[in-house]
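Reader: I am new to this structure and would love a close look at a single part of it. Could you pick one helix and walk me through it, then point out a few other places to visit?

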Amino acid sequence: MTVTYTARVANARFCGFSKLLLAWKGSIYKVLYKEFLAFFAMYTAISISYRFFLADDQKRYFEKLSIYCNNYASLIPMSFVLGFYVTLIVNRWWNQYTSIPLPDRIMCTLSGGLQGGDEQGRLLRRTLMRYASLSALLILRSVSMAVFKRFPTMDHVVEAGFMTREERKKFESLHSPYNKYWIPCVWFTNLAAVARCEGRIKDDNTYKLLLEELNDFRGKCSMLFHYDMISIPLVYTQVVTLAVYSFFLVCLIGRQFLDPSQGYPGHDLDLYVPIFTLLQFFFYAGWLKVAEQLINPFGEDDDDFETNWLIDRNFQVSMMAVDEMYGDLPKMERDRYWNDSNPRPPYTAATLFVLRKPSFQGSTFDMAIPKEDMHFQPLKEIAENLEESVTRNHNLALFNRLLGSAPSPTGFMGGALRRTSAQLQRLTRSVSPQPSFADAENEEEKSMGRSTGTAGSMPSGLELDTTQSTICSCGGLINTCPPLSGVEFHRQGERDGRDEEKDEKMMEMPKIPPPTAPTSAGRRSPLALGRVKSHFCASNATNRSVPDFFSFQPISDPVKVMTPKPQPTNSKAEAVSLLNPIA
């Protein structure tokens, strides 16, 4: 009989499980006491031999062997192997119990679906229910030792009333090398088809429901058969068993108490009873015994399934449901709360405390909110595509920041022009002694540098047109660009102005005056140099707008864009003549 202790642990108390430790039936003591006594006896025999029968040299050798076994015994993964194995066994054990076929759903379907209060209707219902019970009996007889001992032969099945003699002849005449527990289920379907043809089953939906319940019943019978045929792989069971037994065989030597006078680490205390080793054996070996009991719950252990009780219960309940209870209805009467809109069943004195507890209304039922926070507020209108526009503006601002921090090509051009003009100014100063002329040129250069620096600054904010194709124009002027950001333009101009002031300070440093020499034929006169300077300044003033390499222009004609612009030959020759060294 299965040991049931559910009522004893219904309420959690102080040391609630302590009362269960004294139970003997179904306990770990009953299962493990023989192995426990054998382990303790072998440990005691080895300990006595070490202490009283071994010589000194043999004791030293045994002590080294004990230390070696104790150090390497922890390499066996006991907790992992046993834990995974027992978890697998427990899941399999519960799944086998849920696979036991129960006739409750079939008997309810038969009692309400197969009509007829006469003898023929009663015979149909009882025979169909007996076929279902016979199928469950045959499969339990095949997997359970207790049921097989109760019904060892088919004669016992016939004598018990689950099968008639004619049905036994029919059953044995069907030759099959496999288990024939499914034959009563086929008889059930054939008889149900006859009842449908006779009109005992009123419609096809009821007939379909009856067959679906039978298929579910038969599927559970099949699962029991497969659980019995397909076991947990033998290699896994062998690995677990060998791990446990080998671990404790090593512990018989490794956990011995050695002579404290030898000074071995961890052997300062000499005891005769290895308390913690015995506890470890009790836990690990007991864990293995749990798996041994649950791996086949259809045996005769204390906690195995009560299959014979299930057979008796199922057969008695199913026959009563389809026969005696068919059409048996109590007289309908008004209940005692007929006119009560709020029925309250009474309580006894032992359960009166339930009325004192308020009913649960929800976790936020007692939450307090200030009155000023309980007024509804008008919802503000949300602009359409607000999130998209914010994201686009953020990306554009990031792009402008990157452009503002990058060096500008126009700044490079302005720096080249300033360096060229500075070289010409040095030449002019070295030749021209007139200070008024040099001061005028310095003022003109400053104004030109400011205009060039301003024009060469890279605009940070560009108004990009995303609706039409654009192309970077390298030949356009700055005044043809889209509107620029005034703030960034001013900041860039200030930065360029500071750079120009540094260049001017470097140019204003005192120079070593060159030696005066008469003008030769190969040298140009100061008048010629003045003409070159004035010509360069004039050309620079006329083309003061520097091309912007980052201005975007819409593409109007792709042919014009792909065709390179011809460069004027005179301007190129003039630029080359200005940059060539003076002969």
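**A close look at helix α9**

Author: Happy to. Let's begin with what packs over helix α9: the cover on its buried residues includes α4 (104-113), α5 (119-143), α8 (165-173) and α10 (204-229). Please keep in mind that this is a predicted model.

The residues under that cover are Ile183, Pro184, Cys185, Trp187, Phe188, Leu191, Ala192 and Ala195, the buried residues of α9. Helix α9 itself runs over residues 183-197, and its length can be checked: at 1.5 Å a residue, its 15 residues should span 21 Å, and the end C-alpha atoms are 22 Å apart, so the two values agree. After α9 comes Gly199, which has a positive phi, near 85 degrees.

Now for a stop elsewhere in the chain. His267 sits in the loop between α11 (234-254) and α12 (275-294). His267 counts as buried because its relative accessibility is 10%, and buried means under 20%. Leaving aside residues up to four places away in sequence, His267 touches Ile67, Gln256, Leu258 and Pro260.

Finally, a look at the record. An unreviewed UniProt entry lists residues 36-54, 75-94, 128-148, 234-257 and 269-288 under "transmembrane region". Two of these spans can be followed in the model. Residues 75-94 are 85% helix and 0% strand, with end C-alpha atoms 33 Å apart. For residues 269-288, the chain is 70% helix and 0% strand, and the end C-alpha atoms lie 31 Å apart.

Key. Residues numbered from 1 in each chain as written. Predicted model: local features only at pLDDT ≥ 70, side-chain atom pairs only at ≥ 80, totals over all residues. Heavy atoms only, no water. Helix = DSSP H or I, 4+ residues; strand = E, 2+ residues; numbered from the N terminus. Expected span 1.5 Å × (residues − 1). Buried < 20%, exposed > 50% of the residue type's maximum accessible area, 1.4 Å probe, protein only. Contact = heavy atoms within 4.5 Å. UniProt positions renumbered as here; feature names shortened; annotations may be inferred.
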